[in-house]
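Colleague: I would like a close look at one part of this model, taken slowly. Please give the cut-off for each term when it comes up.

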Amino acid sequence: MEYCIMCDNTGIYLKPDDEEDYDKAFDRYDHMGIFNHEETRIKALRDSGYTRINPCPRCHKSPTDYKK
Ligand SMILES: [Zn+2]
């Protein structure tokens, strides 16, 4: 199965509520150099706030599709 970068093959896309805040937070955590990409992303998302989009707008799959 093709890997979906938007939902990490979970079927749920976490959309930042504020893209600008998210980018700033991502850079800040990234520069610390102690988090992997996934940790950096999640921390930045928590800072900016996010909305769970289901199904994913890129692959159009929902979590149940990925459980198969
Ligand atoms: Zn997806």
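Modeller: What follows is a walk through the place where helices α1 and α2 pack together, with a short look at the segment before β1.

This is a predicted model, in which local features need a pLDDT of at least 70 and side-chain atom pairs count only at pLDDT 80 or more, while totals for chains, interfaces and linings use all residues. Residues are numbered from 1 along each chain as its sequence is written, and side-chain values use heavy atoms, with hydrogens and water left out.

First, the setting. The chain has three helices and two strands, in the order β-α-α-β-α along the sequence. Helices here are DSSP runs of H or I with at least four residues, strands are runs of E with at least two, and both are numbered from the N terminus. The C-alpha trace spans about 35 × 20 × 15 Å along its principal axes. Of the 68 residues, 31% count as buried. Buried means a relative accessible area under 20%, exposed means over 50%, and partly exposed is in between, using a 1.4 Å probe and protein chains only.

Now the two helices. α1 and α2 pack at an angle of about 140°, and their axes are 8 Å apart. That angle makes α1 oblique to α2. Axes are lines fitted to C-alpha atoms, for helices over the stretch in contact, and angles run from 0 to 180 degrees between N-to-C directions. Under 35 degrees counts as roughly parallel, over 145 as roughly antiparallel, 65 to 115 as roughly perpendicular, and the rest as oblique. The crossing of α1 past α2 is right-handed: the near helix is turned clockwise from the far one by less than a right angle, whereas anticlockwise would be left-handed.

On the α1 side, the residues that meet α2 include Tyr-22, Phe-26 and Tyr-29, and among their partners in α2 are Thr-40, Arg-41 and Ala-44. Contact means heavy atoms within 4.5 Å.

Several of these residues also belong to the largest nonpolar core, which has eight members: Ile-12, Leu-14, Tyr-22, Ala-25, Phe-26, Tyr-29, Ala-44 and Leu-45. A nonpolar core is a set of buried Ala, Val, Leu, Ile, Met, Phe, Trp, Tyr and Cys residues joined through side-chain atoms within 4.5 Å. Both α1 and α2 supply at least two residues of this core, and α1 gives the most, with four. A second, separate core has five residues, including Cys-4, Cys-7, Cys-56 and Tyr-66.

Three residues of α2 are worth taking one at a time. Thr-40 lies in α2 and is buried, because its relative accessible area is 1%. Apart from neighbours within four places in sequence, Thr-40 contacts Phe-26, Tyr-29, Asp-30 and Phe-35. Tyr-29, with neighbours up to four places away set aside in the same manner, touches Phe-35, Thr-40, Lys-43, Ala-44 and Asp-47.

Glu-39 is also in α2. Its relative accessible area is 38%, so Glu-39 is partly exposed. From Glu-39 to Tyr-29 the distance is 8.9 Å, C-alpha to C-alpha, with their positions 10 residues apart in sequence.

Arg-41 is in α2 too, which covers residues 37–48. With a relative accessible area of 13%, Arg-41 counts as buried. Beyond four places in sequence, its contacts are Asp-8, Tyr-22 and Phe-26. The side chains of Arg-41 and Asp-8 are joined by a polar contact of 2.4 Å. A polar contact is a pair of N or O atoms within 3.5 Å; within protein, one must be able to donate a hydrogen and the other to accept it, and residues adjacent in sequence count only if both atoms are side-chain atoms.

That contact leads out of the helices, since Asp-8 lies in the segment before β1. Asp-8 is partly exposed, at a relative accessible area of 22%. Its phi is near 55°, a positive value in a residue other than glycine. Asn-9, found in the segment before β1 as well, also has a positive phi near 55°. Most residues other than glycine have a negative phi.
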